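Welcome, and please load the model in your viewer. We will go stop by stop, selecting a few residues each time and looking at what is there.

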Amino acid sequence: MDTETLARFEAGRDRLASLAYRLLGSAADAEDVVQDAFLRWQAADRDHIEVPEAWLTRVVTNLALDRLRSARARRERAVGTWLPEPLLAGDPVLGPADTAEQRDSVSLAVLTLLERLTPVERAVYVLREAFSHSHAEIAGILDISESASQQHAHRARRHVATSRPGLDHRVTEVDRATARRIAGAFLAAAASGRTEQLVALLTDDATAISDGAGLSAKLMRVSGPERIAATLRAAYRPTPAKRKLVGGSPAFHAAVVNGCPAVIAVLDDRVVGLVVLEVRDDRIATLRSMAAPARLGRLTREWRRGDHGDLLVESW
C-alpha cells in the first residue's frame, strides 16, 4: 500500500472509530472493527471506489452490525450484565461533540439504551443523530429504502426519549469546573457518613448501577435516594479490607467521562474505579460505578497520556 493510500485511511481513522464506538459501546471492539476495515481497504480495488469516506463508513457500519448480531455478542451483552466502556473527555474515539445530539449519542445513558434497539435501528440512530447522514445516505450504507431508514429513526428516537427520566433531558456540555464542583460535592457527601447530605444531591427517582468490580455476573442496581445514600455511605468508608482489595490507598480525581462529571480513583497511575454522574435539574439522577479491569484499560492509557484532572482526595 502506498503512502498516500495509507494516509487517506489514517485521516479518517478517528471518525471511523467514533462511529464504531457508538454502535458497539466498546472502544476495544471499535478498534478491532476499524482494523478489520483497514484490511479490507488494503485489499480493495481502490480505483473503483468513488468516495472512500462513504465506502469506509459502510464497511465499518456493517462490520459493527455483524458483531452486534453474533451469538457471542448477545451472550456478552445480555440485559443486566453489560455497561458501555467509559472514555475520558478528549479521547478521539468519542468523536464529534459539537451538537446536543452528538453529545447525547455518546453518553453512557444513551449507549445503554441503544442496547435495546435492533442492530439496524441502532445504526440508523447513530448515523443520523451523531453523524448527520441523510436518509438517502443511510439507505445506501445499510442497503435499505429511504422510507425504512425514516421509520427506523423514528422508532429509535421514540424509544430513547421515552426510556429516559425527564423526556426533554439531553446531556449538556460539561466543562472541567462544573465536573469538579459536582464530583467534589458528591465525594464529600459520600465520605461524610451523613445520609441526609447524600440524599440532598440525588433526584427522587435516582438509580445507582455498579459492575461490582467484575466479581458478579449481574450488574448491581439500587433505586431511591435513601437506599443509594446508605449504600454509598458504606462503600466510601475506607477500611483495611477495601485498601487491600484495590492494592493500596487510591487518590480521587474529578474528570469528565462520556460528557458527564465523574470521580476517578487512581492508584500508581492506574485507574482502579470510577463513578459517572448523570445530572438532571442540578441533582444526580444516575450513578454508574465501574471497577472491572476489562472496562478500564483504555481509560487508564488515556489517563497516563494526558491531564490528570482535578485532585479531590490525595489518599483514601
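**Stop 1: a pair of helices**

In this predicted model, select helix H8 (residues 119–129) and helix H10 (residues 146–162): the two pack at an angle of about 90°, with their axes 8 Å apart. Angles of 65 to 115 degrees count as roughly perpendicular, so H8 is roughly perpendicular to H10.

Now show the side chains where the helices meet. On H8, pick Val120, Glu121, Val124, Tyr125, Arg128 and Glu129. Their partners on H10 are Ser149, His152, Ala153, Arg155, Ala156, Arg157 and Val160. Colour this contact of H8 with H10 by class and you will find six nonpolar, two polar and five charged residues.

**Stop 2: the whole chain**

Zoom out and switch to a cartoon view. The chain's secondary structure comes to 15 helices and seven strands. Its radius of gyration is 20 Å, close to the 20 Å that the globule rule gives for 316 residues, so the chain is as compact as a globular protein of that length. If you draw a box along the principal axes, the C-alpha atoms fill roughly 65 × 40 × 35 Å.

**Stop 3: the largest pocket**

Rolling a probe the size of a water molecule over the atoms shows where empty space is left. Which residues should you select to find the centre of the largest pocket? Try Ser210, Ala213, Ser289, Met290 and Ala291, which lie nearest the centre among the 36 lining residues. The largest pocket holds about 1000 Å³ of space.

Next, highlight the elements around the pocket. Those supplying at least two lining residues each include strand E1 (202–210), strand E2 (220–223), helix H13 (225–235), helix H14 (240–246), strand E4 (260–267), strand E6 (283–290) and helix H15 (293–305). Strand E5 gives the most to this lining, with six residues. By class, the pocket lining has 25 nonpolar, seven polar and four charged residues.

**Stop 4: the largest cavity**

Keep E5 (270–280) on screen and add helix H7 (108–113), since our last stop involves both: each supplies at least two residues of the lining of the largest cavity. How many residues does E5 give to this lining? E5 gives three, the most of any contributor.

Select the lining itself: Ser107, Leu108, Ala109, Cys260, Val276, Leu277, Glu278 and Arg288. Five of these residues are nonpolar, one is polar and two are charged. The volume of the largest cavity is about 30 Å³, and the count of cavities of 30 Å³ or more comes to one.

Technical notes. Residues are numbered from 1 along each chain as its sequence is written. This is a predicted model: local features need pLDDT of at least 70, side-chain atom pairs count only at pLDDT 80 or more; totals for chains, interfaces and linings use all residues. Side-chain values use heavy atoms; hydrogens and water are left out. On a 1 Å grid over the protein atoms alone, a cavity is a set of points where a 1.4 Å probe fits but cannot get out, and a pocket is an open set with protein on both sides within 12 Å along at least five of seven lines; lining residues have an atom within 4 Å of a point. Grid points are joined across faces, edges and corners, and a volume is the space filled by probe spheres set on the points. Helices (H or I, at least four residues) and strands (E, at least two) are DSSP runs, numbered from the N terminus. Ala, Val, Leu, Ile, Met, Phe, Trp, Tyr, Cys and Pro count as nonpolar, Asp, Glu, Lys and Arg as charged, and the others, Gly among them, as polar. Axes are lines fitted to C-alpha atoms, for helices over the stretch in contact, and angles run from 0 to 180 degrees between N-to-C directions. Angles under 35 degrees count as roughly parallel, over 145 as roughly antiparallel, 65 to 115 as roughly perpendicular and the rest as oblique. Contact means heavy atoms within 4.5 Å. The radius of gyration is taken over C-alpha atoms; the globule rule is 2.2 Å times the number of residues to the power 0.38.
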